Amino acid sequence: MASFNLLLLPGDGIGPEVMTEVEKLVRWFGKASGARFETERALVGGSAYDAHGVAITEDAMKLALASDAVLFGAVGGPKWDKVPYEHRPEAGLLRLRKDLGLFANLRPAICYPALADASSLKRELVEGLDIVIVRELTGGVYFGEPKEMVTLENGEKRAVDTQLYTTHEIDRIARVAFDLARKRRNKVASAEKRNVMKTGVLWNEVVTRVHAESFSDVQLEHVLADNCAMQLVRNPKQYDVIVTDNLFGDILSDVAAMLTGSLGMLPSAALGAEDPTTGKRRAMYEPVHGSAPDIAGQGLANPIAMIGSFGMALRYSCGLVKEADLLEKAIANVLASGLKTRDIAGPGTNAVGTTEMGDAVLRELERLTA
Ligand code: IPM
Ligand code: MG
């Protein structure tokens with residue numbers, strides 16, 4: 001019997017609430033799929049800082065490194081605004097990404113028909129939208145050195161972040177994007193700023209070479225990142241897979257999220273390189289939304305991004321493709337039935353809470369497999 005070690009890192013804000021819904025599903029799939037899920041929990045972000053004075057402990061890092069997949073909730077909140085920079089909640093997330101080598105971040109944005117009116121764009125622009133942003137996740141300005149703030153002799157301060165990419169970092173993320181496109185509509189748009197940035201020139205060069213060498217059957221378009229942002233709100237359905245760097249990917253994926261109706265809808269997978277001997281890859285799954293401190297602890301959060309992230313774990317880390325399809329179907333059916341959390345319910349519509357939404361997905365899974 002296949003057995004999987006999942007590390008649950010609920011984090012801060014609405015993280016623990018949405019994770020509770022996933023835990024129900026982990027138990028359900030443990031019974032229904034014949035696979036075994038062992039779960040452990042640890043703190044990350046502000047909750048880790050409050051308990052241990054760091055955004056993630058060495059013990060939690062060890063658990064993450066030993067796990068088959070990490071399920072991550074969300075981190076941060078105004079409570080930790082004054083925490084020293086190196087211990088801020090986000091530092092825990094960034095360390096996980098870096099130390100686990102999770103360079104490939106897949107952020108699918110799907111607009112379910114029932115939610116087309118929840119988007120701030122017109123229904124016809126977003127209905128049926130199905131795109132994936134492939135974001136480079138361990139390089140670029142997030143991690144480039146020097147990264148510092150110094151006080152100059154005249155008393156003025158100077159802050160520096162460094163945007164830095166090497167050939168192999170671009171090469172491997174481009175391959176992920178082209179591979180993925182082949183399983184979809186066979187189109188990749190590569191977004192950079194080659195008109196202003198050296199890293200953009202290199203990005204463009206390497207993507208062009210990888211395409212010519214190994215993926216010439218895939219349709220490739222180069223787009224300037226600012227234009228890509230504009231195109232995403234003008235005509236998002238022109239895209240299939242968008243591949244881009246760490247910072248542009250952060251921004252473009254928030255835009256893509258709103259196209260789907262709510263930030264509460266977007267799951268994501270962060271994947272490492274495949275181990276050539278075991279075929280396994282390190283992985284972490286997290287909703288694209290943040291910790292939403294304004295609604296935390298009230299049972300209002302939409303758990304679908306977190307549930308969808310678990311679905312991606314079933315698919316990419318457990319190889320349970322049928323189960324992942326089933327979970328996606330259950331989510332789609334629940335949304336089609338009209339059930340909505342506050343973030344996706346229009347004015348005057350009744351909204352359900354986090355638990356009701358999680359339970360509805362569970363009931364739908366039961367119905368689909370009865
Ligand atoms: C995301 C988030 C993170 C990022 C933050 C919380 C550090 O915005 O995953 O998109 O900037 O990568
Ligand atoms: Mg972001």
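Leaving aside its neighbours within four places in sequence, which residues is Glu-274 in contact with? They are Gly-279, Lys-280 and Arg-281, where contact means heavy atoms within 4.5 Å.

Before going further, a word on the ground rules. This is a predicted model, in which local features need pLDDT of at least 70 and side-chain atom pairs count only at pLDDT 80 or more, while totals for chains, interfaces and linings use all residues. Residues are numbered from 1 along each chain as its sequence is written, chains are lettered from A and ligands numbered from 1 in the order in which they are written, and side-chain values use heavy atoms, with hydrogens and water left out.

## Glu-274 and its loop

Glu-274 sits in the loop between β11 (269-271) and β12 (283-285). Helices (H or I, at least four residues) and strands (E, at least two) are DSSP runs, numbered from the N terminus. With a relative accessibility of 52%, Glu-274 counts as exposed; the classes are buried for under 20% relative accessible area, exposed for over 50% and partly exposed in between (1.4 Å probe, protein chains only). Glu-274 and Phe-4 are 270 residues apart in sequence, and their C-alpha atoms are 17 Å apart in space.

## Ala-283 in strand β12

Strand β12 holds Ala-283, a buried residue with a relative accessible area of 2%. Not counting neighbours within four places in sequence, Ala-283 is in contact with Asp-68, Ala-69, Val-70, Leu-102, Ala-270, Leu-271 and Ser-317. Between the C-alpha atoms of Ala-283 and Ala-55, which are 228 residues apart along the chain, there are 19 Å.

## Helices α8 and α9

Two packed helices are described by the angle between their axes and the distance between the axes. Helix α8 (residues 225-234) packs with helix α9 (residues 246-259) at an angle of about 5 degrees, and their axes are 10 Å apart. Axes here are lines fitted to C-alpha atoms, for helices over the stretch in contact, and angles run from 0 to 180 degrees between N-to-C directions. The helices α8 and α9 are therefore roughly parallel to each other, given that angles under 35 degrees count as roughly parallel, over 145 as roughly antiparallel, 65 to 115 as roughly perpendicular and the rest as oblique.

Which residues meet here? From α8 come Ala-225, Cys-228, Ala-229, Leu-232 and Val-233, and they meet Phe-248, Leu-252, Val-255 and Leu-259 in α9. By class, this contact of α8 with α9 has 9 nonpolar, no polar and no charged residues. Ala, Val, Leu, Ile, Met, Phe, Trp, Tyr, Cys and Pro count as nonpolar, Asp, Glu, Lys and Arg as charged, and the others, Gly among them, as polar.

Helix α9 is also the place of Gly-249, which is buried, with a relative accessible area of 0%. Residues up to four places away in sequence aside, Gly-249 touches Arg-135 and Thr-244.

## Salt bridges

Side chains of opposite charge can pair when their charged atoms come close. A salt bridge is a side-chain nitrogen of Lys or Arg within 4 Å of a carboxyl oxygen of Asp or Glu, and by this rule the count comes to 26. Some of them are set out here.

| Salt bridge | N to O distance |
|---|---|
| Arg-41 and Glu-23 | 2.4 Å |
| Glu-38 and Arg-36 | 2.2 Å |
| Asp-240 and Arg-185 | 3.9 Å |Asp-240 lies in the loop between α8 and β10 (241-244) and Arg-185 in the loop between α6 (167-182) and β8 (187-192), so the pair ties together parts that are 55 residues apart in sequence. Asp-240 is buried at 1% relative accessibility, whereas Arg-185 is partly exposed, with a relative accessible area of 43%. Salt bridges that share partners join Asp-130, Arg-184, Arg-185 and Asp-240 into one network.

Now for the salt bridge between Arg-41 and Glu-23. Arg-41 belongs to strand β2 (residues 36-41) and Glu-23 to helix α1 (residues 15-32), so this pair ties together parts that are 18 residues apart in sequence. Arg-41 is partly exposed, its relative accessible area being 47%, while Glu-23 is buried at 18%.

In the pair of Glu-38 and Arg-36, Glu-38 is partly exposed with a relative accessible area of 33%, and Arg-36 counts as partly exposed at 42% relative accessibility.

## A buried charge without a partner

Glu-323 is found in helix α11 (residues 321-336). Glu-323 is buried yet has no salt bridge, and the nearest side chain of opposite charge, Lys-322, is 5.5 Å away. For charge, Lys and Arg count as positive and Asp and Glu as negative; His and the chain ends are not counted. Neighbours within four places in sequence aside, Glu-323 is in contact with Phe-29, Ser-33 and Leu-314.
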